2 protein chains.
Amino acid sequence: MKKFVNDPANFVPEFMAGVIAANGDLLEAVPEFQLIKRKNVDASKVAIVQGSGSGHEPAHVMAVGPGMLTAACQGPVFAAPPVDACYETIKAVATDAGVLVLVNNYQGDRMAWDMASEMAEAEGIKVVQFHINDDVAVQDSLYTVGRRGVAGNFFVMKACGAAAEAGASLEEVVAVAEKVNNNVRTMGVALTSCIPPAKGDVIFEIGDDEIEIGVGIHGEPGRERAKIQPADAIAKILFDAVADDLPFASGDRVALMINGLGGTPPAELYVLYNKAAQLCADRGLTIARNYVGEYCTAIEMAGASLTLLKLDDELEKQLAAPAETACRIF
Amino acid sequence: MKKFVNDPANFVPEFMAGVIAANGDLLEAVPEFQLIKRKNVDASKVAIVQGSGSGHEPAHVMAVGPGMLTAACQGPVFAAPPVDACYETIKAVATDAGVLVLVNNYQGDRMAWDMASEMAEAEGIKVVQFHINDDVAVQDSLYTVGRRGVAGNFFVMKACGAAAEAGASLEEVVAVAEKVNNNVRTMGVALTSCIPPAKGDVIFEIGDDEIEIGVGIHGEPGRERAKIQPADAIAKILFDAVADDLPFASGDRVALMINGLGGTPPAELYVLYNKAAQLCADRGLTIARNYVGEYCTAIEMAGASLTLLKLDDELEKQLAAPAETACRIF
């Protein structure tokens, strides 16, 4: 295993310490619970929290800041955060306006946040959970009943963050989350596996000429193990799966995201974007906003995902609203 | 070779088309010369151009925009742009205030820009070339006499871009470039090689337990082939090499950059940042600005570089000045 890591058991605390070292003006940590929160929480506004296994950075601790998440906690790489971390994350930023708990749809994350939310509610904190499931690849998966939540999660955080910042009520922010989740679709592809530091070995085997179409962000199987093919053909497979699912139709305004899974360089993401933009035009979709970069990774996996979000005026404004986080992804 | 690529001969034109598709409001291309320029060039201000082989994105075509480069051209992956492309790049944005040509110190790039600058000057365009050589790893290298220019180049572009935007003369902008280059130092490390699409194979061999300390951004040999070691030890090797070279001394205010070489995920870069920040504190350096992400890559190489820039008030202000490019790196 060749990685920038010291003791694999300290990988998550150490990278989180790095995030805080680089953003001490904006963020503070509670290392005991592997949670990062905004320094100044406005008690009159809805707080938004999320948390999952590590290895998907910038999701989620690097998406904390004004206009995005209020706090986030992380578990070990590819493992849900413990219940007490989730509970402390809710408590750390609970406001009178209430807390929206965003959960990507994985059984481990849902269980932890269910229990944490109940504990917080028992103390009088107003909590609503919302489950994100934008991955069209498979219906059920290794760690999910129903669809997985993947990079489309970024748009939920961004739109809800903007709504909360603008003073929306908890019910209104939840409605924004619902609207985004109902209108966002994603599918990914892996060229390589990845190596969780604590495991020290690949999470799945894949041949030198093979790709996994519809891969999950923990290396879960997708729709098909296929032979490597031209970038345009791969982009078309992802685009068609995503665009047919909602479906997206001529005249729609959309946000288009090409998300790198961690090991794919910028130039390759733009090769995919180039084809995806043509496919949008062919279908009569207008790309009102675009995102090319790393939004939800699978450690150092080479691969990418394609996300389409159908926009309305409100969403477009929310995506364009200012935000500030440890990374410049919004 | 598993990459998002169609015909390898079209890799660069296609990713550049993607950059334009995603940033048509800001940028325009002259595909014939693989050059990208700002849409609105202010004729009263100094223009800044750069160009090199592809594979280092966001350097340089993704660093074009207000407050950064005025235009950039790219050659094939890891090969200098042709003379005519450099010449057309200068001509495309030449202003009455003159053109600063930034060149990372590689023989191929220097030769192309030398000839292009002469051709432009023969037409009455005011041109000054400036060579960047921030890599402390080795004195001469495969493709250089003297030191290589690597990620420190970002700070030259940013500070000069801010100065030009503020209306500085060509002589004043050149002085900014000199100041940055005199005060910036970088060293990198590779965990893996990378595969140029047209070659279809790795550019150097490296064992499963080996790292190349002081690697160049084209895979050039560095100081030492070593065994993999803890992230903190690697960070210390890079930091000491860089900090001793200027040298950086207690009381200095610095910008600290951890640059990913293309295949290294965000979390690992923050593990390195965490240690580098401690080493800065140990040496009495105050980190006034920090940068963690991909600024100058080597396609999909797993690895990173560490850059320190000694700041003064003027540089700090220039780094903080607004800018807008195809990526959000500034």
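Contact here means heavy atoms within 4.5 Å. With that in hand, start at A:A120, which touches A:Y87, A:I90, A:I125 and A:V127, leaving aside residues up to four places away in sequence.

This is a predicted model, so to speak of local features takes pLDDT of at least 70 and side-chain atom pairs count only at pLDDT 80 or more, while totals for chains, interfaces and linings use all residues. Residues are numbered from 1 along each chain as its sequence is written, chains are lettered from A and ligands numbered from 1 in the order in which they are written, and side-chain values use heavy atoms, with hydrogens and water left out.

Back to A:A120: it sits in helix 3 (residues 107-122) of chain A. Helices (H or I, at least four residues) and strands (E, at least two) are DSSP runs, numbered from the N terminus. A:A120 counts as buried because its relative accessibility is 0%; buried means under 20% relative accessible area, exposed over 50%, partly exposed in between (1.4 Å probe, protein chains only).

Now for the sheet. Six strands of chain A make an open, mixed sheet in the order 9-8-7-12-10-11, where two strands pair if DSSP finds at least two bridges between them. Strand 9 (224-227) and strand 11 (286-293) of chain A are the edges, each pairing on one side only. On average, neighbouring strands are turned by 20° against each other, direction ignored. Axes are lines fitted to C-alpha atoms, for helices over the stretch in contact, and angles run from 0 to 180 degrees between N-to-C directions.

Here are three of the pairings:

| Strands (chain A) | Sense | Bridges |
|---|---|---|
| Strand 10 (residues 253-260) and strand 11 | parallel | seven bridges |
| Strand 7 (residues 184-190) and strand 12 | antiparallel | seven bridges |
| Strand 10 and strand 12 | antiparallel | seven bridges |

Strand 12 of chain A is largely enclosed by the rest of the structure, because seven of its eight residues are buried. In that strand, A:A304 is the bridge partner of A:V189, and A:L306 stands opposite A:I258.

Two helices go with this part of the sheet. Helix 7 (residues 266-282) of chain A lies across strands 10, 11 and 12 (303-310) of chain A, at about 160° to strand 10. Helix 8 (residues 313-320) of chain A packs on the sheet, touching strands 10, 11 and 12 of chain A, and its direction makes about 30° with that of strand 11.

Finally, the two chains. A turn of 180° and a shift of 0.0 Å along the axis lay chain A on chain B with an RMSD of 0.0 Å, with copies superposed by least squares on the C-alpha atoms of residues with pLDDT of at least 70 in both. That is the relation of a two-fold axis. In chain A, the C-alpha nearest the axis belongs to A:G263, 2.0 Å from it.
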